[in-house]
Amino acid sequence: MFSSHSSQFTLRSTLFVSLLLPQLTHVSRADQQPEQLKPVFVTATRTAITANESLAPVSVIDREDIERWQINSVQDALQRTPGVNIANSGGQGKVSSIFLRGTNSDHVLVLIDGQRVASATTATAAIEQIPIELVERIEIVRGPRAALYGSEAIGGVIQIFTRQTSSATVKPYLIAGGGTDKTYRTAGGVSGRVDDFWYSVNASHYHTNGFNACSGILNRAGCFDHEPDNDGFIRTSGSARLGYSYDDVLEIEGNFLQTNGNSEFDGSFQNRTKTVNQVYGGRLTLTPNDQWDIIFSGGRTRDESDNYNDGVFANSFVTRRLTALAQSNYRINDDHQLTLGFEYWDDRVGGTTGFSENSRDNKAVFLQYQGLVDNIDWLAAIRFDNNEQFGNNMTGDIALGYSFDSGIKIVGSYGRAFKAPSFNQLYFPDSAFFLSNPNLNPEKSQTAELQIKGSHYSVDWSVSGYWTWVDNLISTVQIDPTDFSSPFTSANISESMIRGLEFTFSTAVYGFDISTNLTLLDPIDKSSGSSHGNRLPRRPKQTFTFNLDRALGDFNFGTTVRGESKRFDNAGNTSRVAGFVTVDLRGEYHPVPDWTLQVNINNLLDKNYETVRYFNQDDRSFLFTVRYTPTGF
């Protein structure tokens, strides 16, 4: 139970630790390790920049973080970053929705190696199917990015990069692990370079018997069923990246990822699904001179699910997207860069469900200008989208930053974004329960933000305050509320206002690596009617994460503490989901340089909690992992 007293204590404690960190700092990172190259991000601007250069709030979780924090899933990785909440429906492999900065779960754009991966029918990405073992890094950009990416990028953009090589020699690895709920996982791969060629080939397998996903009430709530059994999950995945470069003028790369999943769950109409998720992509980069890059890329994504009820086939859904991008980056000089791009994609749906329309395409052109003069830097971007179904949309971003000599930087920004209606909302076959609405308009948003960040006494910190207004929100409503048997439909009747504050701190203190973030959110339903003034469902008002790690010779120890305040599971705010605090412990030992032994205890305090009403989360669980990364190649 996350009571008001415990909530206030937790938030005060977090703020106290955060404010105390600068005073505790004694040994800086520079004193502990040699200076490293600053990490480069590409998602925020579609060009390579560092974190300090980004005018948008960004977070990155790389392979080192994944292994050090012993992260077991993509959703676990994402919810460690500010502004992200995950609503999970019963454990590993179950539907997991991303709420980024309080916007809807279909208001975040998810990319894998540059390819859009959301299902065309639901407009959300199946992040629960992405194997963390095959992930190299994850970039999270908070705030609207429709001026570069088009539809869906209202709350932000999340880009997942599959494993790639950073070594000039052959570099294999193996992972094996097991734990509670009869969970086991294996993964392995090899990467390297041969002259001008590079490669990375990987595979993984994950299995768990799981636990009872739903404690719903038959025909009344939750999964509308009562099946007190374990709901397992099996996933087999493979990925590959191959590339070739010639004389710093030409670079060609291809990538591939496929996951096959089999997930059991509780439900009155369906209780098992088999999924196939594929991502193919290719990229060609030409560099005629030091000032100019020309990029051509394209790919294909496929999202397929076959659904069953007690072993009997029920239905199938298949969505496929083809994409193409042409982009030119011209550096006028070291401080000014102009980006021009054209993007195209084509969506198609299939399966056993007969949609009234099964395809649509989107064409877009965008322009971005990044500049720097003395202590002032800026970004301005504009994009025009033409969609076959809903017509033209124009979006834009503008940001202005000022860097003080003291090391503090202030950034102000404003952005407009939109979200196109999904195939389910527009074209799903009419029935006695639901009528589609082909006359829907895109959802549109405006966001204003002020960000202050800096680095002092070996403490990196930032504070961001933002305001987002979304209108034309699509809601599911009953056509005749006075008739209980009346069907439902989708309509542009809702509005929302979201205000938020994000705080981040990270430092090194007496050999301890410490990072913490706190999000304060006020997501309000501004629609007319009975839900006016209510909190948007499944969004907690307070979220914090605290990471602490320490290396002692061949041993490493760490903990992650995460807390979320209460939320409501419905628009009427009548179904309450209690807040919670979880504590995870981890440890690892390096008996020899090539081997690492790890143990992870999740939910140490055995907290009983939910992120979706009536859908369970795991009790205290253990996972043991062995990693083998030979260095003698």
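Me: What makes Phe-41 count as buried, and where is its place in this predicted model?
Reply: The place of Phe-41 is in strand E1, residues 40-41. Its relative accessible area is 7%, and buried means under 20%, so Phe-41 is classed as buried.

Me: Which residues does Phe-41 touch, not counting residues up to four places away in sequence?
Reply: Phe-41 touches Thr-47, Ala-48, Ile-49, Thr-50, Ala-51, Val-58, Val-60 and Glu-139. A contact requires heavy atoms within 4.5 Å. Of these partners, Glu-139 is 98 residues from Phe-41 along the chain, with a C-alpha separation of 7.3 Å.

Me: Why is the pair Arg-80 and Asp-76 called a salt bridge?
Reply: The closest N and O atoms of Arg-80 and Asp-76 are 3.6 Å apart. The criterion is a side-chain nitrogen of Lys or Arg within 4 Å of a carboxyl oxygen of Asp or Glu, and therefore the pair qualifies. Side chains of opposite charge can pair when their charged atoms come close.

Me: Are Arg-80 and Asp-76 buried or exposed, and how do you know?
Reply: Arg-80 has a relative accessible area of 8%, and Asp-76 has 15% relative accessibility. Both values are under 20%, so each residue counts as buried.

Me: What makes Lys-419 and Asp-106 a salt bridge?
Reply: Their closest N and O atoms are 3.9 Å apart, which is within the 4 Å limit. Lys-419 lies in strand E22 (residues 408-419), whereas Asp-106 lies in the loop between strand E5 (96-100) and strand E6 (108-112), so the salt bridge ties together parts that are 313 residues apart in sequence.

Me: Why do Lys-419 and Asp-106 count as buried?
Reply: Lys-419 is at 1% relative accessibility and Asp-106 is at 11%. The cut-off for buried is under 20%, and therefore both residues meet it.

Me: How do you know that Arg-586 forms a salt bridge with Asp-549?
Reply: The closest N and O atoms of Arg-586 and Asp-549 are 3.1 Å apart, and the limit is 4 Å. This pair links distant parts of the chain, with Arg-586 in strand E32 (residues 580-589) and Asp-549 in strand E28 (residues 542-552), 37 residues apart. Arg-586 is buried because its relative accessible area is 6%, and Asp-549 is buried because its value is 7%.

Me: What joins Arg-46, Glu-343, Arg-383 and Asp-385 into one network?
Reply: Salt bridges that share partners join these residues. A search of the whole structure finds 32 salt bridges.

Me: What makes Asp-248 exposed, and which surface patch does it help form?
Reply: Asp-248 is at 73% relative accessibility, and exposed means over 50%, so Asp-248 counts as exposed. Asp-248 lies in the loop between strand E13 (231-246) and strand E14 (250-264). Together with Asp-195, Asp-196 and Asp-247, Asp-248 forms a negative surface patch. The patch is called negative because Asp counts as negative.

Me: Why is Phe-269 called exposed?
Reply: The relative accessible area of Phe-269 is 70%; exposed means over 50%, and therefore the term applies to Phe-269. Phe-269 lies in the loop between E14 and strand E15 (272-289). Phe-269 and Ala-203 are 66 residues apart in sequence and 33 Å apart in space, C-alpha to C-alpha.

Me: Why is Leu-367 called partly exposed, and to which surface patch does it belong?
Reply: Leu-367 is at 37% relative accessibility, which lies between the 20% and 50% cut-offs, so Leu-367 counts as partly exposed. Leu-367 lies in strand E19 and belongs to a nonpolar patch on the surface, with about 950 Å² of accessible area together. Other members include Trp-292, Tyr-330 and Met-394.

Me: Which strands supply at least two residues each to the nonpolar patch?
Reply: These are strand E17 (312-333), strand E18 (336-351), strand E19 (359-373) and strand E20 (376-387). The largest share, three residues, comes from E18.

Me: What makes the phi of Arg-101 and of Asn-573 notable?
Reply: Most residues other than glycine have a negative phi. Phi of Arg-101 is near 55°, a positive value, and phi of Asn-573 is likewise near 55°. Arg-101 is found in the loop between E5 and E6, and Asn-573 in the loop between strand E30 (567-568) and strand E31 (576-577). Arg-101 is buried because its relative accessible area is 3%, and Asn-573 is buried because its value is 18%.

Terms used:
Residues are numbered from 1 along each chain as its sequence is written. This is a predicted model: local features need pLDDT of at least 70, side-chain atom pairs count only at pLDDT 80 or more; totals for chains, interfaces and linings use all residues. Side-chain values use heavy atoms; hydrogens and water are left out. Patches are made of residues with over 30% relative accessible area and no salt bridge: like charges are joined within 9 Å, nonpolar side chains (Val, Leu, Ile, Met, Phe, Trp, Tyr) within 5 Å. Accessible areas come from the Shrake-Rupley method with a 1.4 Å probe; for residues, only the protein chains shown count as cover. The place of a charge is taken as NZ of Lys, CZ of Arg, CG of Asp or CD of Glu. Helices (H or I, at least four residues) and strands (E, at least two) are DSSP runs, numbered from the N terminus. Buried means under 20% relative accessible area, exposed over 50%, partly exposed in between (1.4 Å probe, protein chains only).
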